[in-house]
Amino acid sequence: MQPIYILSLITVYFLVLLLIAYFTGENDSNETFFRANKKSNWYLVAFGMIGASLSGVTFISIPGWVQSSQFSYMQIVIGYLFGYLVIAYVLIPLYYKLNITSIYEFLKQRFGPITHKTGAFFFFISRVLIASFRLFLVASVLQYFVFDALKIPFELTVIISILLIWVYTYKGGIKTIVWTDTLQTFFMIFAVIATIYILLNRLNWSVSDFFSSEEFNKYSQFLFTNDFNDKKHLIKSFLGGMFIAIAMTGLDQDMMQKNLTCKNTKESQWNVISLGFVLILVNFIFLVLGALLFIYAEKFGIQIPKIDDVVKTDLLFPEIALNNNLGIAIGSIFILGLIAAAYSSADSALTSLTTSYCIDFLDIQNKEKSKQKKLRKKVHVGISVLLVIVIIIFKYILKDNVISSLLQVVSYTYGPLLGLFALGIFTKITIKDKYVWIVGILSVLITYLINDNSKLWFNGYVFGYELLIINGLLTFLGLLLIKKRN
């Protein structure tokens with residue numbers, strides 16, 4: 001597919017997003033930017049959150065993960081559902097009762113200002129890294145298949161990507177995001193299903209032929225119960241998925257900010273529960289696509305792309321869609337799905353980071369009314385620049401599959417939030433507020449040491465995503481050490 005076609009498609013796509021931003025951003029007050037005036041319909045939020053939960057990483061990296069991990073990711077996804085139930089019936093009622101804009105305001109009310117800022121800091125670091133992971137992957141694909149041919153450097157690709165997001169979010173904020181995410185989720189799911197249909201036709205297979213084939217059977221194992229030391233073991237994956245959902249959705253300003261735009265607690269709960277069930281189906285479809293891509297590559301002798309002599313399974317999907325003469329239709333579908341998946345998570349990350357920084361660090365609601373909007377817009381620009389810098393750094397340090405790297409980072413950065421909220425919600429203990437940041441940092445460092453030496457210390461045991469639970473438990477125990485005496 002010629003680069004000029006791809007650029008034309010991207011241009012048209014962003015013109016549509018700008019049109020949505022025009023109608024949703026007419027009132028660019030902080031109340032609209034941060035909370036969408038609490039008038040969002042829950043079903044729109046729920047559908048849009050599918051795209052925000054999955055992102056460009058899921059669109060490319062999960063299909064690319066099938067070769068090494070088969071369908072083991074489904075064990076994590078089933079854990080997600082149980083995590084969403086905890087969010088719906090424990091966290092959401094609490095947030096609505098407190099009527100907060102940033103969920104970390106709970107920590108201020110419960111423990112004090114240092115704890116508040118510590119929680120917000122770990123979210124900030126987490127979301128910057130996650131958003132950067134996701135945008136790095138998309139920028140890399142566009143660079144490899146489009147901008148290298150036009151002699152445009154990677155750094156400029158990243159700047160353009162972030163600039164486009166900034167343009168359509170700087171006025172309407174979360175109100176715009178609710179609508180753009182809905183559109184982008186539709187495009188992403190349509191792209192995956194359409195690609196499966198096209199590839200099955202090329203292989204002369206029906207859906208039943210595909211699922212009953214020996215080739216599919218080679219990739220489709222999703223229960224791993226033999227070796228408990230294996231990071232893919234069922235129990236470890238399920239528990240890891242459950243707590244990843246609690247941390248990455250329920251304790252994450254990005255995801256909860258959308259939920260808190262719903263009209264009331266009940267509608268927000270419906271949103272989260274429906275999301276949990278739908279994600280099981282959607283992630284299964286992505287894994288099916290992954291198996292089909294590798295089968296197709298084997299049948300037609302397609303090589304998995306390499307960058308700097310490192311095999312990048314993340315790039316197999318775009319390689320097949322764009323470089324194998326399948327026609328402009330599949331190339332257009334892929335690009336449409338890719339940018340929809342990428343920007344449905346990146347735009348909300350930019351908005352939530354702006355919200356958290358304004359409320360949790362700058363205390364914007366207590367500033368002069370005349371200066372609040374101007375301050376928010378300055379922060380919005382600053383966060384955009386920060387994302388550009390981090391994504392460019394990733395180009396030089398990131399070597400692993402992106403979905404694997406992302407989930408590993410989550411295990412470290414969300415652990416302190418898990419411990420803080422658990423202590424705050426399930427106990428009445430008060431703590432010495434000024435020492436909380438020390439506990440948070442030490443728990444991350446100790447978790448890293450445990451993970452790095454697990455084979456030696458625990459008879460060959462390899463941590464999976466249950467490492468997040470260990471991190472949260474260490475934070476919880478550390479907080480008990482600084483509790484106030486009656």
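**Note on a predicted, mainly long-range chain fold**

1. The protein contains 21 helices and 2 strands, and the coordinates under discussion are those of a predicted model. Of its 486 residues, 59% count as buried, while the area that the protein does expose comes to about 19900 Å², with carbon and sulfur atoms supplying 64% of it. Among contacts with a separation of 6 or more, 85% are between residues 24 or more positions apart.

2. Helix α4, which runs over residues 73–98, deserves a separate remark. Its 26 residues reach 35 Å from the first C-alpha to the last, which is close to the 38 Å expected at 1.5 Å a residue, although the helix also carries a kink of about 35° centred on isoleucine 87. Asparagine 99 follows α4 and has a positive phi, near 55°.

3. The salt bridges are best taken together, and the count comes to 4. One of them joins the side chains of glutamate 215 and lysine 299, with an N to O distance of 3.2 Å; glutamate 215 belongs to helix α10 (residues 214–219) and lysine 299 to helix α13 (residues 265–300), so that distant parts of the chain, 84 residues apart, are linked by the pair. Glutamate 215 counts as partly exposed because its relative accessibility is 25%, and lysine 299 is likewise partly exposed, with a relative accessible area of 47%.

4. Helices α10 and α13 are linked by another pair as well. Here the side chains of lysine 218 and glutamate 298 meet in a salt bridge at 3.3 Å, N to O, with lysine 218 in helix α10 and glutamate 298 in helix α13, 80 residues apart. Lysine 218 has a relative accessibility of 47% and therefore counts as partly exposed, and glutamate 298, at 45%, is also partly exposed.

5. Are the partners in the salt bridge between lysine 236 and glutamate 466 buried or exposed? Both lysine 236 and glutamate 466 are buried. The closest N and O atoms of this pair are 4.0 Å apart, a value to be read against the criterion for a salt bridge, which is a separation within 4 Å. Because lysine 236 lies in helix α11 (residues 234–250) and glutamate 466 in the loop between α20 (454–457) and α21 (467–481), the pair ties together parts of the chain that are 230 residues apart in sequence.

6. On the surface, a nonpolar patch is formed by Ile114, Tyr435, Trp437, Ile438, Ile441, Leu442, Leu445 and Ile446, which together have about 690 Å² of accessible area. Helix α19 (residues 436–452) contributes the largest share of this patch, 6 residues. An α-helix has 3.6 residues a turn, so residues three or four places apart point the same way. Leucine 442, one of the patch residues, is found in helix α19 and counts as partly exposed because its relative accessibility is 44%.

7. A last point concerns tryptophan 166, which is placed in helix α7 (residues 154–169). With a relative accessibility of 24%, tryptophan 166 counts as partly exposed, since the range for that class begins at 20%. Leaving aside residues up to four places away in sequence, tryptophan 166 touches Leu350, His380, Val381 and Ser384. The C-alpha atoms of tryptophan 166 and threonine 351 are separated by 9.0 Å, although the two residues are 185 residues apart along the chain.

Terms used
Residues are numbered from 1 along each chain as its sequence is written. This is a predicted model: local features need pLDDT of at least 70, side-chain atom pairs count only at pLDDT 80 or more; totals for chains, interfaces and linings use all residues. Side-chain values use heavy atoms; hydrogens and water are left out. Patches are made of residues with over 30% relative accessible area and no salt bridge: like charges are joined within 9 Å, nonpolar side chains (Val, Leu, Ile, Met, Phe, Trp, Tyr) within 5 Å. Accessible areas come from the Shrake-Rupley method with a 1.4 Å probe; for residues, only the protein chains shown count as cover. Helices (H or I, at least four residues) and strands (E, at least two) are DSSP runs, numbered from the N terminus. Buried means under 20% relative accessible area, exposed over 50%, partly exposed in between (1.4 Å probe, protein chains only). The expected span of a helix is 1.5 Å times one less than its number of residues. The bend at a residue is the angle between axes fitted to the seven residues ending there and the seven starting there. Contact means heavy atoms within 4.5 Å.
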